[in-house]
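Here is a short briefing on the aromatic side chains of this model and the company they keep. Have a look at the rings first, then read on.

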Amino acid sequence: MARWANPFTLAGQLTRARQESARIRHESEEDFWALKDVSFEIRRGERVGIIGRNGAGKSTLLKILSRITEPTTGRVELRGRVASLLEVGTGFHPELTGRENIYLNGAILGMTRREIRLKFDEIVDFSEVEQFLDTPVKRYSSGMYVRLAFAVAAHLEPEILVVDEVLAVGDASFQRKCLGKMEDVADREGRTVLFVSHQMAAIQKLCQSCILMQSGSIRFTGNVMSSIETYLSADQDENQPGSLSAKPRKGNGKLFITGINLVSFTGSVADSAISGEDLVIELSFESKDGRPNDLSRVICSVQILDALGDSLFLTHNRMTGQPFDATSSKGALRVRISRLPLPAGDYSISYSLIKDGEFLDCISQAKRLKVEAGDFYGTGEIPPSSHGKFLVHADWTVAVV
């Protein structure tokens, strides 16, 4: 005869096992605050960017503002309807067609069927998915999904438009179109836009102010360029070791750069450059095996990038017709940039070493370059950075009749 365990005893054993498991879990767990002590106010019609590294709390913040997630403590006060585009397919039913999802999203936003019908043609024209309008959206590509989702969110007249990094899924022309639309709805229609992106150029183009998030808290709030510079400089400081050994490099390493210095006009190492003054960049090098290396066929390039990572200019010794007529295992390569044509601001230096068409060494954004304001024109007039990315020499004359 089979013997059955006492069901109450077994239940008691399971309960004790669960309790022990829960106790171990509780002891090993600790609270993690995705957001903490975050407080700010955004006025009607403002276009605000939210930036920060991955894990800074940006998406969690948008989910709370969109009322997808409830805050553990604190409160959010919203005045007006919110349309959110947080990830591909948010608010869409995959089995419904594009046409049906337009009406579904409108209903979620509190629009009447008549109001949706009045905006329907504009939504379809903007999304450029007219020929697939009666196809279930589960068959859409991610790009088509985003096109239709953004068109719905932007055209159904929410007072607050919240957009996460999802726009990066679309192609470049559609991204430009979306940025223009967000700018338009804020300026002409007085709606508020919150925009999260890792594309600093897009933040700079669209937003009037910016919130920099770090480790679940607000690190900086202010104008866009100050926020971007704070974000990028903090990122560079965290990844700026005493040498270049920790940075990701490209090349076979037969000849490599060991350090980069800025040299002042007195010959000493400088912390920054001055607008309008000569800038000497010195790249110390060594050969991998310690043997003398023929430098005559080595091409060294130096590239200056702006705070957004866009290239401003690049120069190399072959371009200027100046080969390195030497053989050495160790030394320094220097380039002098006459009357540095950059306004005050934060930049970075990239370099590469190439020999016979093969990369020896290359690091992108290897060193931060800080440019201080200088009397570029020798007139006492200090050109502000808002005038453009470059300073140019110019002669003005007048012709009278």
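Phe376 makes a good starting point in this predicted model: this residue is buried, with a relative accessible area of just 1%. The notes below begin with its surroundings and then move along to other rings.

**Around Phe376**
- Arg339 places its charged end over the ring of Phe376, at 5.3 Å from the ring centre.
- Tyr377 is partly exposed, its relative accessible area being 40%.

**Aromatic pairs**
- Five aromatic pairs are counted in the model.
- One of them joins Phe92 and Tyr145 in a tilted arrangement, with 5.7 Å from centre to centre and 35° between the planes.
- Phe92 belongs to the loop between β2 (82-85) and α3 (98-108), while Tyr145 belongs to helix α5 (residues 142-155), so their pairing ties together parts that lie 53 residues apart in sequence.
- Phe92 and Tyr145 are both buried.
- Another pair brings us back to Phe376, which meets Tyr377 edge-to-face: the centres are 4.9 Å apart and the planes make an angle of 85°. That angle is over 60 degrees, so the pair counts as edge-to-face.

**An aromatic cluster**
- Phe92 and Tyr145 also turn up in a cluster, where Tyr140 joins them.

**Another charge over a ring**
- Lys177 has its charged end over the ring of Phe126, 4.7 Å from the centre of that ring.

Methods. Residues are numbered from 1 along each chain as its sequence is written. This is a predicted model: local features need pLDDT of at least 70, side-chain atom pairs count only at pLDDT 80 or more; totals for chains, interfaces and linings use all residues. Side-chain values use heavy atoms; hydrogens and water are left out. Rings of Phe, Tyr and Trp (its six-membered ring) pair if their centres lie within 6.5 Å; planes under 30 degrees apart count as stacked, over 60 as edge-to-face and the rest as tilted. Helices (H or I, at least four residues) and strands (E, at least two) are DSSP runs, numbered from the N terminus. Buried means under 20% relative accessible area, exposed over 50%, partly exposed in between (1.4 Å probe, protein chains only). A charge sits over a ring if NZ of Lys or CZ of Arg is within 6 Å of the ring centre and within 35 degrees of the ring normal.
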